[in-house]
Amino acid sequence: MMNDTRKSDSPVIPTKPLNNAVKSAAETVEGRGLAKGNTQQQNMCRTQSRESVPSALERVRQVARRNKDEQFTSLFHNVTIESLYNAFFALKRRASAGIDGVTWEQYSEDLEENLLGLNKRLQRGAYRAKPSRRVFIPKSDGRQRALAIASLEDKIVQRAVTEVINAIYETDFVGFSYGFRPGRSQHQALDALAVGIRRKKVNFVLDADIRGFFDAIDHEWMLRFIEHRVADPRVIRLIRKWLKAGVLEDGKRKKAEEGSPQGAPISPLLANIYLHYCFDLWAEQWRSRKATGDVIMVRFADDIVVGFQKEFDAKRFLDDLKMRLHKFSLELHPEKTRLIRFGRFAGQQRKERDQPKPETFDFLGFTHICGKNKNGGFLLKRHTSSKRMRVKLKEVKQELMRRRHMPIPIQGAWLTRVVIGYFNYHAVPTNINQLTSFRTQIIRNWRHALRRRSQHDRTGWVRMYVISNRWIPRARVLHPWPDERFDGRTQGRSPVR
């Protein structure tokens with residue numbers, strides 16, 4: 001139960017945009033439209049006689065889109081055998097097992113019987129959520145990130161329920177929210193940020209990071225937020241079970257009084273719902289009511305970047321944001337949250353004050369830099385974050401040492417996949433030098449591993465160049481310029497064109 005003070009802080013869901021709302025190039029054209037993606041495909045009726053009939057989830061979307069205040073009292077019936085089947089095959093087949101030790105392959109051996117039994121337990125309320133297995137993975141800053149690996153059946157049910165709830169909230173989420181949403185990606189968030197900085201009058205950037213966000217989520221607030229739209233007690237009961245299931249660490253079960261298990265299939269959706277109410281809606285209202293200049297916003301999960309035209313707005317927003325997050329048991333990370341002078345006039349302004357070059361900030365693996373093009377105009381440069389590159393190179397170097405006795409073609413085929421995967425994400429315009437540096441270091445690490453195969457190995461640079469040219473792809477830009485892709489994806493609906 002929550003006291004009256006909390007209730008008074010509950011955010012209001014606007015039924016329609018404010019008339020005087022001023023949206024940025026980074027999100028106006030994104031809108032709050034429907035991101036159908038795989039959700040619609042997985043719920044389409046398979047029988048030819050009903051192909052023209054909207055699926056059950058499509059009808060949910062239509063109602064959610066028409067009425068922003070609608071509460072859905074009957075959703076659980078959408079968790080069917082077919083949805084469980086689709087959820088199972090959407091899981092990663094080689095993912096680690098939870099505390100029950102059941103893998104994807106083992107569960108698939110008697111899949112029909114297993115899913116029938118799972119569905120029966122769900123329908124009669126006998127399903128019990130198991131605690132997650134706690135593991136730690138290294139982060140780019142040298143620390144470790146705690147992940148919770150749910151049991152296989154929990155993953156199946158969570159994914160099926162996520163599809164149902166997504167049908168509602170994808171019509172509610174705001175345009176500047178990009179993290180873990182169907183039809184949206186990290187590069188779309190990067191494009192929106194770059195376009196916003198270039199086309200709007202951005203002179204200051206707030207790079208905000210919420211400290212330990214997934215571990216700090218308040219369960220009661222989380223459930224209250226969901227109940228704004230979901231009033232089916234069976235769905236609420238399931239979510240409460242997953243939040244309270246806890247984790248198993250060193251053989252001991254730890255109860256969860258707060259936080260959402262990071263790594264569970266439903267965790268990204270819960271995080272988006274939490275931030276939608278405690279940040280997104282509030283930030284939109286703040287911009288339309290308090291901002292005196294241009295303001296752009298881009299959020300990917302708990303990483304938030306806000307651009308401002310005026311320093312007064314930036315400082316006021318930061319102070320108000322701290323108070324806003326505090327109401328919902330969240331706080332900004334003091335070391336990772338920075339307000340810097342950034343934009344097309346930052347270099348000139350700092351030069352006039354006899355200050356060094358403008359500061360930079362990192363977002364989604366790229367360091368954003370105020371640069372100049374060949375004509376001397378402003379150019380937003382994006383370089384691979386040095387921390388991310390070092391972590392990747394260290395990981396590849398260790399794996400090369402482990403594989404050094406394998407035949408060179410096998411090593412080369414593996415390295416080809418690694419480099420192609422790296423380039424597929426990082427090969428953006430203005431980043432060619434960093435891509436070349438990454439490739440060069442990969443070749444050096446490979447030569448080092450080959451020379452450690454024995455004391456008599458004499459792999460020289462001439463031979464190494466031949467080998468590397470055969471297996472290591474050359475650095476080249478694979479992504480278009482942000483404006484080009486942004487305009488192509490939004491089909492010219494931007495008011496700043």
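This text walks through a predicted model, from its sheet to its cores, one helix, one loop residue and its salt bridges.

Start with the sheet. Four strands form an open sheet in the order β2-β1-β4-β5, and the pairing is mixed. Take the two kinds of pairing in turn. β1 (residues 132-138) and β2 (residues 144-149) run antiparallel, joined over six bridges. Along this pair, Pro138 has Gln144 as its bridge partner in β2. Arg134 stands opposite Ala148, also in β2. β1 also pairs with β4 (residues 247-249), this time in the parallel sense and over two bridges. Here Arg133 finds its bridge partner in Leu248. Now look at the edges. β2 and β5 (252-254) each have a single partner strand, so one side of each has no neighbour in the sheet. The sheet is not flat: on average, neighbouring strands are turned by 45° against each other, direction ignored.

Next, the interior. In soluble globular proteins, nonpolar side chains tend to be buried together. The largest nonpolar core in this model has 80 residues. Ile156, Ile239, Ile273, Tyr274 and Phe317 have the most contacts inside it. Helix α12 (residues 267-289) gives the most to this core, with 13 residues. A second, separate core holds 28 residues, including Ala189, Val202, Ile340 and Tyr425. Return to Ile156 for a closer look. Beyond its neighbours within four places in sequence, Ile156 contacts Leu84, Ala87, Phe88, Leu91, Tyr107, Leu115 and Leu118.

Helix α18 (residues 461-471) shows how a helix can have two sides. Its buried residues are Met464, Ile467, Ser468 and Trp471. Seen down the helix axis, they fall within an arc of 95°, so they line one face of α18. An α-helix has 3.6 residues a turn, so residues three or four places apart point the same way. What do the buried residues of α18 pack against? They pack against α16 (408-426) and α17 (432-451). On the other side of α18, Val462, Val466 and Arg470 are exposed.

Loops can hold buried residues too. Asn78 lies in the loop between α3 (56-66) and α4 (81-90). Its relative accessibility is 8%, so Asn78 counts as buried. Leaving out residues up to four places away in sequence, Asn78 touches Ala56, Leu57, Val60, Ser83 and Val164. Asn78 and Glu163 are 85 residues apart in sequence, yet their C-alpha atoms are 9.3 Å apart in space.

Finally, turn to charge. Side chains of opposite charge can pair when their charged atoms come close. The structure holds 20 salt bridges. One of them joins Lys68 and Asp172, with the closest N and O atoms 3.6 Å apart. This pair links distant parts of the chain, 104 residues apart: Lys68 is in the loop between α3 and α4, and Asp172 in the loop between α7 (152-169) and α8 (186-199). Both residues, Lys68 and Asp172, are buried.

Another salt bridge joins Arg299 and Asp280, at 2.8 Å from N to O. Arg299 sits in strand β6 (residues 295-300) and Asp280 in helix α12, so the pair ties together parts 19 residues apart in sequence. Arg299 counts as buried, at 0% relative accessibility. Asp280 counts as buried, also at 0%.

Are Glu359 and Arg338, a third pair, buried or partly exposed? Glu359 counts as partly exposed at 35% relative accessibility, and Arg338 counts as partly exposed at 27%. Their closest N and O atoms are 3.4 Å apart.

Definitions and conventions: Residues numbered from 1 in each chain as written. Predicted model: local features only at pLDDT ≥ 70, side-chain atom pairs only at ≥ 80, totals over all residues. Heavy atoms only, no water. Buried < 20%, exposed > 50% of the residue type's maximum accessible area, 1.4 Å probe, protein only. Arc of directions from axis to C-beta. Contact = heavy atoms within 4.5 Å. Pairing = 2+ DSSP bridges. Core = buried A, V, L, I, M, F, W, Y, C linked by side-chain atoms within 4.5 Å. Axes fitted to C-alpha atoms, helices over the stretch in contact; angles between N-to-C directions. Salt bridge = Lys/Arg side-chain N within 4 Å of Asp/Glu carboxyl O.
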